[in-house]
Amino acid sequence: LQYFSAFIVVTVLGGCNLDTRMSTFVTKGPIAEEQLNLFMLTVWVTFAIFIIVGGVFVYAVIKFRERPNDDRPMPSQGHGNPLVEIGLIGASILLLAVIAVPTLQAIWFTQETPDDVESRMGAWYSGEELAEEEAENPLIIKVIGYQWWWAFEYPQLGITTANEMVIPAGKVVHLELRSVDVIHSFWLPRIAGKVDLIPGRTNAMWIQAGDNFAKWKEKQGIVGPDQDSPELREGYASYLQEEIHNYYYGQCAEFCGDSHARMLFRATVVGDREFEAWVADEKIGHGTPDGRSWDEWYTAYEENPEQLTGDLNEGLKLFMGRAKCATCHTVKGNPRAVGVAGPNLTNVGARLSIAAGWLNHRAEDGGIDTEQQYENFFNWLKETDVIKPGNLMWEANGGGIGELIDEHGEPALLTDEEINKLSLYLQSLK
Ligand code: CUA
């Protein structure tokens, strides 16, 4: 009965809109598809059991109910019926096997990262800096859980981002999952889920957004390994572009403290060339706001900071100085912003969301809504503790961004004007 209720709840209530960015019912990758098939199989098997058992029960209640002036004799009172008992045990074993065999198959399927030739980096990534053995491997992403945000490291490519993973469509990606504090769980419902991130241990899983070429052909009814042509490749490319190329919501799926519910992430699925462009951007990072070299900028910063004018320079001065951002955050390019305790902020201004997926940064359709973007960023810096209770950025700053010590040894909050400049500087990182 509990399965049946679950079925009713998910199909009737959840049926309002299954095509959301977190739906497990409209899958966008082989693992989620495998898991959905297994789920539906279990639902139908248990539904069939419910109908049979319920049917027999209802039949017996109606057929053998007491009637007025019932003078039928009492049925014979027996104990045990070997045939029925063996039959029930046999049926249970059979039903369990029907569920267990596909379950084990699904476990094996999701456990082992497949060696898909087209997913090897060398086969599609035209970047010149790939080492030979890396070219032979799929893309690896190290997923590291923190209270309450995510780091995504791409060790083969030498880049790190936070709360937004970017992956190439149709390619197998191998994930290594670790945690620095408590147990978290990686869940990207439309593509794959869930695997825990456990302190002191490295778990692994693989994900793939969209099918590979072979699987896509199979679903199209095009069989045979020789089937390949520019037209088919084009058809496959437009499938990836139209059905897979998108961004999806991920969520921590293991209770991990105050702001567990606010530990989200985005996965952006892009085409090969777009992925390479993104990697190149992340590698370069950022220069100074006014185009000086970093050496010149720091010389000016130390000797005569007043000559560094304009909102962005003011914001960067706060970032390096009073607000202490660089102690915990890295901004690629800036030689002195190399902190690793907090999220990497390289290209933070280009991200879809801030505060680990909790606040939209770009508009829902992926476009830019400058006003909303600015407002969310400003509020995040001003009210970090309200937006994400218990978070370390608040605590590390003594209970407030910029509740820092001024030159007279007094605590001094950043003014709204300063937060504004900091916010403008951070948003310029794109
Ligand atoms: Cu991390 Cu819940």
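1. Let me start with the lining of the second largest pocket in this predicted model. By class, its residues split evenly in number: seven nonpolar, seven polar and seven charged. The lining has 21 residues, and those nearest the pocket's centre are Val166, Thr268, Trp278, Ala350 and Arg362. The volume of this second largest pocket is about 440 Å³.

2. Where does the lining of the second largest pocket come from? At least two residues each are supplied by strand E4 (164-168), strand E9 (246-252), strand E10 (264-270) and helix H8 (272-284). H8 gives the largest share, five residues. If you are thinking in domains, domain 2 (119-282) and domain 3 (285-427) each contribute at least three residues to this lining.

3. Now to the largest pocket, which has a volume of about 660 Å³. Its lining counts 37 residues, and His329, Gly342, Pro343, Trp380 and Met393 are the closest to its centre. Sorted by class, the lining of the largest pocket holds 24 nonpolar, nine polar and four charged residues.

4. Which helices and which strand each supply at least two residues of the lining of the largest pocket? They are helix H11 (325-328), helix H12 (370-382), helix H14 (392-396) and helix H15 (416-427), together with strand E11 (353-354). Because domain 2 (119-282) and domain 3 (285-427) both give residues to its lining, the largest pocket lies between them.

5. H15 also deserves a look for its packing. H10 and H15 pack at an angle of about 100°, and their axes are 7 Å apart. The two helices are therefore roughly perpendicular to each other, since angles of 65 to 115 degrees count as such. On the H10 side the contact uses Asp311, Leu312, Glu314, Gly315, Leu316, Leu318 and Phe319, and on the H15 side Glu418, Lys421, Leu422, Leu424, Tyr425 and Leu426. In the contact of H10 with H15, eight residues are nonpolar, one is polar and four are charged.

6. H10 has another partner in helix H9. H9 (residues 294-303) and H10 (residues 311-320) pack at an angle of about 75°, with 12 Å between their axes. That angle makes H9 roughly perpendicular to H10. Here Trp294, Trp297, Tyr298 and Tyr301 of H9 meet Asn313, Leu316, Lys317 and Met320 of H10. The contact of H9 with H10 comprises six nonpolar residues, one polar and one charged. If you are browsing the model, Leu316 is worth clicking on: it appears in the contact of H10 with H9 and also in that of H10 with H15.

7. Helices H2 and H3 give another kind of arrangement. H2 (residues 30-63) and H3 (residues 82-111) pack at an angle of about 170°, with their axes 10 Å apart. Are they roughly parallel or roughly antiparallel? The angle makes H2 roughly antiparallel to H3, as angles over 145 degrees are counted that way. From H2, the contact takes in Pro30, Ile31, Glu34, Gln35, Leu38, Leu41, Thr42, Val45 and Ile49; from H3, Leu95, Val98, Ile99, Pro102, Thr103, Gln105, Ala106, Phe109 and Thr110. By class, the contact of H2 with H3 has 12 nonpolar residues, five polar and one charged.

8. Some backbone details are worth checking on screen. Between glutamine 147 and tryptophan 148 the peptide bond is cis, with omega about 0°. Tryptophan 148 sits in the loop between strand E1 (139-146) and strand E2 (149-154). Another cis peptide bond runs from glycine 193 to lysine 194, with omega near -20°. Lysine 194 belongs to strand E7 (residues 192-197).

9. One last backbone point concerns lysine 324. What is its phi? Phi is positive, at about 60°, although lysine 324 is not a glycine. Lysine 324 lies in the loop between H10 and H11. That loop leads back to elements met above: H10 packs with H9 and with H15, while H11 supplies at least two residues to the lining of the largest pocket.

Methods:
Residues are numbered from 1 along each chain as its sequence is written. This is a predicted model: local features need pLDDT of at least 70, side-chain atom pairs count only at pLDDT 80 or more; totals for chains, interfaces and linings use all residues. Side-chain values use heavy atoms; hydrogens and water are left out. Axes are lines fitted to C-alpha atoms, for helices over the stretch in contact, and angles run from 0 to 180 degrees between N-to-C directions. Helices (H or I, at least four residues) and strands (E, at least two) are DSSP runs, numbered from the N terminus. Angles under 35 degrees count as roughly parallel, over 145 as roughly antiparallel, 65 to 115 as roughly perpendicular and the rest as oblique. Contact means heavy atoms within 4.5 Å. Ala, Val, Leu, Ile, Met, Phe, Trp, Tyr, Cys and Pro count as nonpolar, Asp, Glu, Lys and Arg as charged, and the others, Gly among them, as polar. On a 1 Å grid over the protein atoms alone, a cavity is a set of points where a 1.4 Å probe fits but cannot get out, and a pocket is an open set with protein on both sides within 12 Å along at least five of seven lines; lining residues have an atom within 4 Å of a point. Grid points are joined across faces, edges and corners, and a volume is the space filled by probe spheres set on the points. Domain bounds come from an automatic or database domain assignment.
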